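Q: Got a minute to go through this one with me? I'd like to start with the strand pairing.

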Amino acid sequence: MQAWQVHENGEPSEVMRLAETERPVPADGQVLLRVRAANVNFPDALLCRGEYQVRPPLPFTPGVEVCGETEDGRRVLATPALPHGGFAEYALADAAALLPAPDSLDDAEAAALHIGYQTGWFGLHRRARLEPGETLLVHAAAGGVGSAAVQLGKAAGATVIGVVGGAEKAAVAGELGCDLVIDRRAENVVAAVKEATGGRGADVVYDPVGGDAYTQSAKAVAFEGRIVVVGFASGTVPRPALHHALVKNYSVLGLHWGLYQAKNPGLVRECHDRLTELAARGAIAPLVSARVPLDEAAAAVQRVADGTTTGRVAVVPGRETVA
């Protein structure tokens with residue numbers, strides 16, 4: 001089979017190599033999946049760089065989110081068991097963690113419903129307890145993680161403000177359903193949020209960016225607001241000023257979705273059921289901006305690493321693709 005492998009750490013476009021390899025052999029409790037679609041996530045770039053919290057042994061195949069097919073023909077969602085990730089014709093996954101792929105979504109859309117939407121649901125509902133009528137501020141609102149949060153926020157009855165970088169991404173965020181889109185390159189984010197909320201600020205802030213975005217979040221959050229820290233796509237891990245949180249009465253909430261897989265997998269399945277229902281009635285619809293063949297996976301991961309994509313880019317092995 002064909003699989004992308006990383007033999008040394010570095011930028012994805014430099015260290016990912018497409019090779020002919022043997023199909024991986026499942027260990028106890030694992031299953032072999034034929035990969036139908038593998039979505040590119042920012043952690044794939046971090047894995048290549050050796051900067052992710054999980055560091056599989058070299059060489060490894062990245063690709064942390066797939067829609068695959070079991071040997072008995074079931075279409076499922078999975079987070080592959082590294083080092084045998086999803087940017088390959090076949091991957092391994094833990095049998096106990098497989099989730100049924102929603103019938104209402106195609107392969108790429110189904111794969112995109114997994115990590116980003118699970119993260120959004122846990123962040124907004126489990127951690128921040130978002131209520132109907134509240135204002136939700138989403139950083140990187142046109143990206144894979146942010147676009148999911150925008151749709152979930154709208155489905156929950158919130159007013160959603162999206163922050164993006166550039167006019168093209170602003171247009172995408174508007175199409176996703178944002179009530180207000182702020183272009184951080186052309187506008188003062190904090191001032192725009194305060195103006196839109198009558199000076200109150202955002203009740204919930206969803207931040208997968210870190211760095212300057214977190215600094216803006218702390219200034220734009222409302223009294224008794226909640227900042228959900230999801231990731232650090234900017235490359236800069238912020239250092240929250242706790243005296244500021246005390247004086248302003250807001251909460252900083254961390255979210256590592258992967259921990260739920262280990263500590264409370266029942267919640268993951270419950271979340272998947274809710275996401276499947278939302279997708280079936282059209283309340284959420286994963287944004288897949290491009291579908292590329294397997295031999296373009298390294299370039300796709302690099303584009304995500306560089307922050308030039310919107311929504312999700314899906315790698316579709318052995319099938320017709322549409323950019």
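Q: What's the bridge partner of valine 228 in S13?
A: Leucine 253 is the bridge partner there. This is a predicted model, where local features need pLDDT of at least 70, side-chain atom pairs count only at pLDDT 80 or more, and totals for chains, interfaces and linings use all residues. Numbering runs from 1 along each chain as its sequence is written, and side-chain values use heavy atoms, with hydrogens and water left out.

Q: In which sense do S12 and S13 pair, parallel or antiparallel?
A: Parallel, over 4 bridges, with S12 covering residues 221-229. Two strands count as paired if DSSP finds at least two bridges between them; strands (E, at least two residues) and helices (H or I, at least four) are DSSP runs numbered from the N terminus.

Q: What's the strand order in the open sheet?
A: S10-S9-S8-S11-S12-S13, so 6 strands with parallel pairing.

Q: Which strands stand at the edges?
A: S10 (180-183) and S13 (251-254) do; each has a single partner strand, so one side of each lacks a neighbour in the sheet.

Q: And helices, which strands does H6 touch?
A: H6 (residues 167-176) packs on the sheet, touching S9 and S10, where contact means heavy atoms within 4.5 Å. Its direction makes about 165 degrees with that of S10; axes are lines fitted to C-alpha atoms, for helices over the stretch in contact, and angles run from 0 to 180 degrees between N-to-C directions.

Q: Switching topic: how many residues of S6 are buried?
A: 4 of its 5 (residues 90-94), buried being under 20% relative accessible area, with a 1.4 Å probe and protein chains only.

Q: What stands opposite tyrosine 90 in S6?
A: Arginine 34 does. S3 (residues 30-39) and S6 pair in the antiparallel sense over 5 bridges.

Conventions
Buried < 20%, exposed > 50% of the residue type's maximum accessible area, 1.4 Å probe, protein only.
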